[in-house]
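Here are some notes from my pass through this one. Have a look at the model first, then read on.

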Amino acid sequence: MADLIEIRHVTHAYATPKGPLPVLDDLSLSVPEGSFCAVVGPSGCGKSTLTRLIAGLMKPDRGEVWLHGERVKSPRATVGMAFQNPVLLEWRTILQNVVLPLEIVPTKLTQAQKEARARELLELVGLEGFEDKRPSELSGGMRQRASLCRAIVHRPEVLILDEPFGALDAFTREDLWQTMHALRAEEPFTSVLITHDLRESIFLADEVVVLSGRPATAQFRLPVPDTGPRTLDDLYTPQAAAMLNTLRHQIEIAQGRTPAAGTRKTLPDPAPTESATPEILP
Amino acid sequence: MIWRKVAVPLAAVLIFLALWEILVQANGWPDYKMASPSDLPPAFWKYRWLFLEYGWQTLWRTVAGLAIAVVFGLALGMVMGFSRTLRDALYPLLVGFNAVPKATVVPIIALLFVGQHDFNTVLMAFMISFFPIAVSVSIGLSTLEPEYRDILRALGASRLAIFRKIALPKTLPEFFGALKVSVTLAFIGTNLMEIVSPHGRGLGALFDSGKTSADYPLMFAVLIALAALGILLFYVVVWLERIFAGWAERPAS
């Protein structure tokens, strides 16, 4: 099976008053169908640009983006997106918010079928009983759950997640990671997740890609072994600690803080904690 | 709940009238210095038919001017909200236009369209009240977070769909906020024209005739009538806002 998402030698720069600001440099990336790819990297390295390229919201200066064997030139209905800000429409109920994409993409569903589909997803993420509430009546975590439902309600082939859990507290975030696994078990989609949280990346993804500092290119790939259904306990094993350490070093290299890999202790810490997430340089 | 909503403002009005009465009585002011609330009912009764007729004229002209201001202000706000070039081009013009005291425009309009009193009054109400609507709609549209647009754009939605489903509803609270300001402004516009232009009609003309015949209670009665009409229109807007943008109101906790 061919890769569903293929990014080939993409180079992109933004025009600024001080001249072009290169953000992506000869970046290549491919994600097989049904796979979950996490992209980590220093702040401002062009991760969000990458999502906008995949979604077809922008065109790269050079290089190509292919989805399902078709070159991406404009936005397409087979993509779903969720952002750090849940961007729910305050004038709609939760149910109406989730139905929104079905009002845009071509579909043969009747209104009742659309709502049934939305209800089914809301139940899956634990929001049954909140269908008729307004977004302002929900907590941040619940809003983000609704936002995830909206991103996949039209059964997109590709789900683009741009730090969707970034603004949530640690416990809510872990809850939502598990919700993501539950959704993936029910709904087939290929996903690209942008994140700053290394634990999140190895918990959710099949492969973690580390981007270099700006202009970004794919610096390092870490396959996450498939050991069956994951639980939060899996984050506290020596294997997980080793992966986190590897990623942390790669991030430091990307940030230009480590002169060379291998000069530091590479053994896993006995009990990895939040400090496994590197501080992001301002 | 409804008791509270009606009784509290009503009590405030009654207290205000009582304080006014006490102020005038305690100082022993004659009615040419300041009429008291007790002078008003006889004035209203004496000119009741004129109040009805002129009050209606003032009201419909104000509403007509406001309606044009809404259509024009919305259109202008949309144009300025979506195009940065047009925003940069139109803002100085618009601010300059708004900065011109409208009292100075009245004689110009009265000369331009001699004898067209209805038209002139509606025009004045419109000219004075479209500015807040245009500005707030343009700000509402231009400050729309790009993510809101992206969730629909990423699905291949048309510009029209994005406007209808996101931009328009999102701007409604700002629009109604501006409309509340515009309602009172429109009354000012209507009355400017009614007072200043010769042989005018409407409450403004009634005020003017009170001035000419030194009927001070009548002048105060006109002011109160205008205030009452202003309150009436304001609450019509509040009612419309609750229907179309009620979601923006946080439930009282």
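Which residues lie nearest the centre of the largest pocket?

1. Bear in mind that this is a predicted model. With that said, the residues nearest the pocket's centre are Leu144(B), Pro146(B), Arg149(B), Asp150(B) and Arg153(B). They belong to a lining of 28 residues, and the volume of this largest pocket comes to about 590 Å³.

2. On where the lining comes from: α7(B) gives the largest share, 5 residues. Chain B also supplies at least two residues from each of α3 (48-82), α4 (84-99), α6 (117-142) and α8 (159-196). Chain A joins in too, with α1 (47-54) and β6 (79-83) each supplying at least two.

3. As for the chemistry of that lining, I get 12 nonpolar, 10 charged and 6 polar residues.

4. Over in chain A, take a look at the sheet. Four strands run in the order β2-β1-β4-β5, with antiparallel pairing, and the sheet is open. β2 (19-32) and β5 (70-71) of chain A are at its edges with a single partner strand each, so one side of each has no neighbour in the sheet.

5. The pairing of β1(A), residues 3-16, with β2(A) is antiparallel and covers 10 bridges. If you want a spot to check by eye, Tyr14(A) stands opposite Leu21(A) of β2(A).

6. Packed on this sheet is α1(A), which touches β1, β2 and β4 (62-67) of chain A. The direction of α1(A) makes about 120° with that of β1(A). Recall that α1(A) also supplies at least two residues of the pocket lining.

Terms used. Residues are numbered from 1 along each chain as its sequence is written. Chains are lettered from A and ligands numbered from 1 in the order in which they are written. This is a predicted model: local features need pLDDT of at least 70, side-chain atom pairs count only at pLDDT 80 or more; totals for chains, interfaces and linings use all residues. Side-chain values use heavy atoms; hydrogens and water are left out. On a 1 Å grid over the protein atoms alone, a cavity is a set of points where a 1.4 Å probe fits but cannot get out, and a pocket is an open set with protein on both sides within 12 Å along at least five of seven lines; lining residues have an atom within 4 Å of a point. Grid points are joined across faces, edges and corners, and a volume is the space filled by probe spheres set on the points. Ala, Val, Leu, Ile, Met, Phe, Trp, Tyr, Cys and Pro count as nonpolar, Asp, Glu, Lys and Arg as charged, and the others, Gly among them, as polar. Two strands pair if DSSP finds at least two bridges between them. Contact means heavy atoms within 4.5 Å. Axes are lines fitted to C-alpha atoms, for helices over the stretch in contact, and angles run from 0 to 180 degrees between N-to-C directions.
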